Amino acid sequence: MADLEKQLQDAQACRFRLIVTDGVFSMDGNVCPLDKIYELAQKYNAMVMVDESHSAGVVGRTGRGVTEHYNLRGKIEILTGTLGKAFGGAMGGFTTGRKEIIDMLRQRSRPYLFSNSMAPGLVAAGIRMFEMMSETNALQDKLHENTAYFIKKMTEAGFDCKPSQSAICAVMLYDAPLSQKFAAKLQEEGIFVTGFYYPVVPKGQARIRVQVSAAHEREHLDKCIAAFVKIGKELGILK
């Protein structure tokens, strides 16, 4: 935040200032400090744009993202997101925000003007997902219960998991070749995960990223945890 404030100070001569941030940072699963970002935006007359790709449908009491999490709904100028993650679609996304900005983007946004439209079935599925979020909070509650259970059990088993406020659990292995070997062995056990290493994450911060879903039942989570423990012992990570 100190560096952000310095950039805003340096940009005061500019006509516009726009702060752009992820809502949830996908490698760690941590939520951005939007409350502090918003305070700085107000102080230095800046706009804010939040990419909610990993937070929409996940973060906040009813899944409305980080603006709900920080009680800032309606106060952020631009929100972007995807229909391919929490909303269950295969592709497509959205931009929403201040009416004046959206009106301009309809005329000036190259990805909007020069792209083929989405398939009607995907549009219908996305609309239905938004409707479901307004009808019930059951999936949202189950997702948070599943994530909390998975992280708790993995930590108790001896794994180093980063704290998460989303559906992302980063299981830290720190060694790049180890992360790839571990992920490959997990896939042999029927667990589909991906190992990440530099330059996707900083050097020495290799990890396996697990994304929990509301579609997972307790037996699915237990199977995944058991596979992690089995491979962890085979590779000497767990005693």
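Is Phe130 buried, exposed or partly exposed? Phe130 is partly exposed, because its relative accessibility comes to 35%, and the cut-offs put buried under 20% and exposed over 50%. Before I go on: what you see above is a predicted model.

I start with Phe130 since two ring pairs run through this residue. The general point is that a pair of aromatic rings is described by the distance of the centres and the angle of the planes. In this model, the count of aromatic pairs is seven. One of them joins Phe87 and Phe130: the ring centres are 4.8 Å apart and the planes meet at 55°, so this pair is tilted. Phe87 sits in the loop between strand E5, residues 78–82, and strand E6, residues 93–97, while Phe130 is in helix H6, so the pair ties together parts that are 43 residues apart in sequence. Phe87 itself has a relative accessible area of 7% and is therefore buried.

The second pair joins Phe94 and Phe130. Here the centres lie 6.1 Å apart with the planes at 75°, so the pair is edge-to-face. This pair, too, links distant parts of the chain, with Phe94 in strand E6 and Phe130 in helix H6, 36 residues apart. Phe94 is partly exposed, because its relative accessibility is 24%.

Elsewhere, ring pairs gather Phe150, Phe159, Phe182 and Phe228 into a cluster.

Two rings also have a charge over them. For Tyr149, the charged end of Arg218 sits over the ring, 3.8 Å from the centre. For Tyr198, that role falls to Lys203, whose charged end is 4.9 Å from the ring centre.

Now to salt bridges. In general, side chains of opposite charge can pair when their charged atoms come close. How many salt bridges are there in this model? The count comes to eleven. I will go through three of them.

One is between Glu5 and Lys43, whose side chains meet at 3.0 Å, N to O. Glu5 belongs to helix H1 and Lys43 to helix H2, residues 34–43, so the bridge ties together parts 38 residues apart in sequence. The two ends differ in accessibility: Glu5 is partly exposed at 21%, whereas Lys43 is exposed, with a relative accessible area of 58%.

Another is between Glu131 and Arg128, at 3.3 Å, N to O. These two residues are three apart in helix H6, which means they are separated by about one helical turn. Glu131 is partly exposed at 40% relative accessibility, and Arg128 is partly exposed at 35%.

The last of my three is between Glu189 and Lys230, with the closest N and O atoms 2.9 Å apart. Glu189 lies in the loop between helix H8, residues 176–188, and strand E9, residues 194–196, and Lys230 is in helix H9, residues 218–234, so the pair ties together parts 41 residues apart in sequence. Both ends are partly exposed: Glu189 has a relative accessibility of 28%, and Lys230 has a relative accessible area of 40%.

Some bridges share partners, and in this way Arg128, Glu131 and Glu135 are joined into one network.

Next, the surface. Which residues form a nonpolar patch there? Tyr112, Leu113 and Phe114 do, with about 360 Å² of accessible area together. Within this patch, Phe114 is in the loop between helix H5, residues 110–113, and helix H6, residues 120–135. Phe114 counts as exposed because its relative accessibility is 62%, and the cut-off for exposed is over 50%.

One more loop residue, Arg15. Where does Arg15 lie? Arg15 is in the loop between helix H1, residues 2–10, and strand E1, residues 18–22. Arg15 is exposed, its relative accessible area being 74%. Arg15 and Ala46 are 31 residues apart in sequence, and their C-alpha atoms are 9.9 Å apart in space.

To close, back to helix H6. Phe130 in this helix pairs with Phe94 of strand E6, and Phe130 also pairs with Phe87 of the loop between strands E5 and E6. The salt bridge of Glu131 lies in helix H6 as well, about one helical turn being what separates Glu131 from Arg128.

Note on methods:
Residues numbered from 1 in each chain as written. Predicted model: local features only at pLDDT ≥ 70, side-chain atom pairs only at ≥ 80, totals over all residues. Heavy atoms only, no water. Patch = residues over 30% accessible without salt bridge, like charges linked within 9 Å, V, L, I, M, F, W, Y side chains within 5 Å. Areas by Shrake-Rupley, 256 points an atom, 1.4 Å probe, with all protein chains shown as cover. Salt bridge = Lys/Arg side-chain N within 4 Å of Asp/Glu carboxyl O. Helix = DSSP H or I, 4+ residues; strand = E, 2+ residues; numbered from the N terminus. Buried < 20%, exposed > 50% of the residue type's maximum accessible area, 1.4 Å probe, protein only. Phe/Tyr/Trp six-rings, centres within 6.5 Å; stacked < 30°, edge-to-face > 60°. Lys NZ or Arg CZ within 6 Å of the ring centre and 35° of its normal.
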